[in-house]
Amino acid sequence: MKIYKFAVLGTGFWSGYQLAGWSELENVQPIAFYNRTLDKARALADQFNVEHVYDDVDELFENHAAELDFVDIITDVGTHELFTTKAALHGLNVICQKPMSPTLEASENMVKVCKEANVGFYVHENFRFQAPIRKLREILGSGVIGKVFKANVAFCSGFPVFDNQPFLKELDEFILTDIGSHVLDIARYLFGEAESLFCHTARVNQEIRGEDVANVLLRMRNGISCYVEMSYATIAENETFPQTLVRVEGDLGTIELLQNFEIRTTTRMGTMVTNAEPLMYSWVDPAYAVVHSSIVDCNRNILAEIAGTAQAETTGMDNLETTRLVHLAYQSAREKKVISL
Ligand code: 89Y
């Protein structure tokens with residue numbers, strides 16, 4: 001069995017879960033870690049039995065590029081383009097966290113650079129791999145609710161997200177890049193591509209720089225009207241973080257993905273209830289369970305393409321469409337107009 005060797009760039013909050021996710025797959029092995037603060041790289045390396053740590057990414061590539069199959073980039077978004085370019089020039093496949101980069105132009109460049117270097121480029125977009133979202137799509141695909149005419153995809157929470165990820169407070173563009181990248185991708189995964197969008201944004205929490213509320217109304221190419229809402233300013237009786245709730249209406253019925261992974265499918269015959277709980281690996285943080293669990297399936301899907309056994313869903317090329325929606329949503333909010341794609 002071939003073992004796929006990889007380096008991790010960035011050993012912050014998310015990396016421990018990403019590595020735990022990789023450790024659920026038997027044919028991968030982390031070889032070297034880079035972090036701008038070496039102590040942090042060392043601490044994670046000790047936890048995952050990795051020998052080599054660096055605070056100079058070029059040195060890591062010089063010493064290990066020949067034995068690596070891919071890099072997993074988990075650094076701040078501002079470094080994604082640079083590190084992707086360096087890895088591609090060393091002939092390495094690249095997996096990069098969302099959002100791809102701060103601008104659409106830089107994201108397009110990352111896709112181009114990897115294409116020219118003939119390496120695979122993948123975005124670790126994991127929300128579409130969540131167990132309830134997969135199940136919902138399966139039910140939708142069965143045709144039980146007939147022709148879909150409208151949908152709502154919602155991520156509305158009051159979770160203290162800045163405690164674990166304080167850098168999110170400093171972003172000029174916050175919720176559409178952080179959560180919009182995920183929920184707009186879910187909209188594409190479930191309903192296909194959009195033909196137009198309109199967006200409102202707001203900043204409720206005055207202690208952060210960016211927006212913490214965004215409402216995006218999409219017209220999909222197949223005619224579905226899809227309302228994607230996201231908020232980190234929602235005080236609700238039932239906190240749903242980090243779940244995405246979905247309601248899909250068709251001419252024969254409605255599918256609702258509710259809190260705690262319950263899917264209710266209603267037709268004129270009655271309501272069918274399905275439970276789509278995520279797999280609870282030993283390492284998942286219960287506060288992030290459904291997201292952490294989906295890391296494994298996303299990694300597995302990307303690795304299959306690197307190994308040549310299947311096509312990955314979240315290639316850079318595919319994710320450019322999601323990235324485009326994020327940036328057009330900002331444009332729509334700024335210009336107060338409907339944007340055609
Ligand atoms: O950064 C975000 C993500 O990707 O999932 C949830 C999160 O950690 C906070 O919004």
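In the predicted model, Glu-313 has a relative accessibility of 24% and therefore counts as partly exposed. Its salt-bridge partner is Arg-128, with the closest N and O atoms 3.0 Å apart. Arg-128 is buried, because its relative accessible area is 6% and the limit for burial is under 20%. The two residues are 185 positions apart and link distant parts of the chain: Arg-128 lies in the loop between E6 and helix H6 (131–141), and Glu-313 lies in the loop between helix H9 (289–306) and H10. Both belong to one network of salt bridges with shared partners, which also includes Arg-134, Asp-185, Arg-188, Glu-193 and Asp-318.

The structure holds 23 salt bridges in total. Another of them pairs Asp-76 with Arg-36, at 3.6 Å between the closest N and O atoms. This pair also links distant parts of the chain, with the two positions 40 residues apart; Asp-76 is in the loop between strand E4 (70–73) and helix H4 (80–89), and Arg-36 is in the loop between strand E2 (28–34) and helix H2 (38–47). Asp-76 is partly exposed at 37% relative accessibility, whereas Arg-36 is exposed at 64%. A salt bridge within a helix is formed by Asp-46 and Arg-42, with an N to O distance of 3.3 Å. These residues are separated by about one helical turn because they are 4 residues apart in helix H2. Both are partly exposed, Asp-46 at 49% relative accessibility and Arg-42 at 32%.

Asp-212 is a charged residue without a salt bridge, although it is buried; Arg-203, the nearest side chain of opposite charge, is 6.8 Å away. That distance lies outside the 4 Å cut-off for a salt bridge. Asp-212 is placed in the loop between strand E8 (194–202) and strand E9 (213–220). A polar atom of the Asp-212 side chain lies 2.7 Å from the backbone nitrogen of Val-204. Residues touched by Asp-212 include Phe-174, Ile-175, Ala-202, Asn-205, Met-230 and Tyr-232.

Tyr-232 is also one of the residues around the ligand, among them Trp-14, Phe-127, Val-161, Asp-178, Ile-179 and Tyr-288. Polar side-chain atoms of three further residues lie at short listed distances from ligand oxygen atoms: 3.0 Å for Lys-98, 2.8 Å for Gln-165 and 2.7 Å for His-182. The ligand taken alone exposes 280 Å², and the protein buries 94% of this area. Helix H8 (residues 175–191) supplies the largest share of the surrounding shell, 3 residues.

Lys-98 also takes part in a cis peptide bond, which leads to Pro-99 and has omega near -15°. Pro-99 lies in the loop between strand E5 (93–97) and helix H5 (104–116). A cis peptide bond also joins Phe-241 and Pro-242, with omega about -5°. Pro-242 is found in the loop between strand E10 (225–231) and strand E11 (245–250).

Positive phi angles occur at two residues that are not glycine: Asn-118, at about 60°, and Lys-336, at about 55°. Asn-118 is in the loop between H5 and strand E6 (121–124), and Lys-336 is in the loop between helix H10 (316–335) and strand E15 (339–340). Asn-118 counts as exposed at 71% relative accessibility, as does Lys-336 at 68%.

Key
Residues are numbered from 1 along each chain as its sequence is written. This is a predicted model: local features need pLDDT of at least 70, side-chain atom pairs count only at pLDDT 80 or more; totals for chains, interfaces and linings use all residues. Side-chain values use heavy atoms; hydrogens and water are left out. Buried means under 20% relative accessible area, exposed over 50%, partly exposed in between (1.4 Å probe, protein chains only). Lys and Arg count as positive and Asp and Glu as negative; His and the chain ends are not counted. A polar contact is a pair of N or O atoms within 3.5 Å; within protein, one must be able to donate a hydrogen and the other to accept it, and residues adjacent in sequence count only if both atoms are side-chain atoms. Contact means heavy atoms within 4.5 Å. A residue is near a molecule or strand if one of its heavy atoms lies within 4 Å of it. Accessible areas come from the Shrake-Rupley method with a 1.4 Å probe; for residues, only the protein chains shown count as cover. Lists of a residue's contacts leave out its neighbours within four places in sequence.
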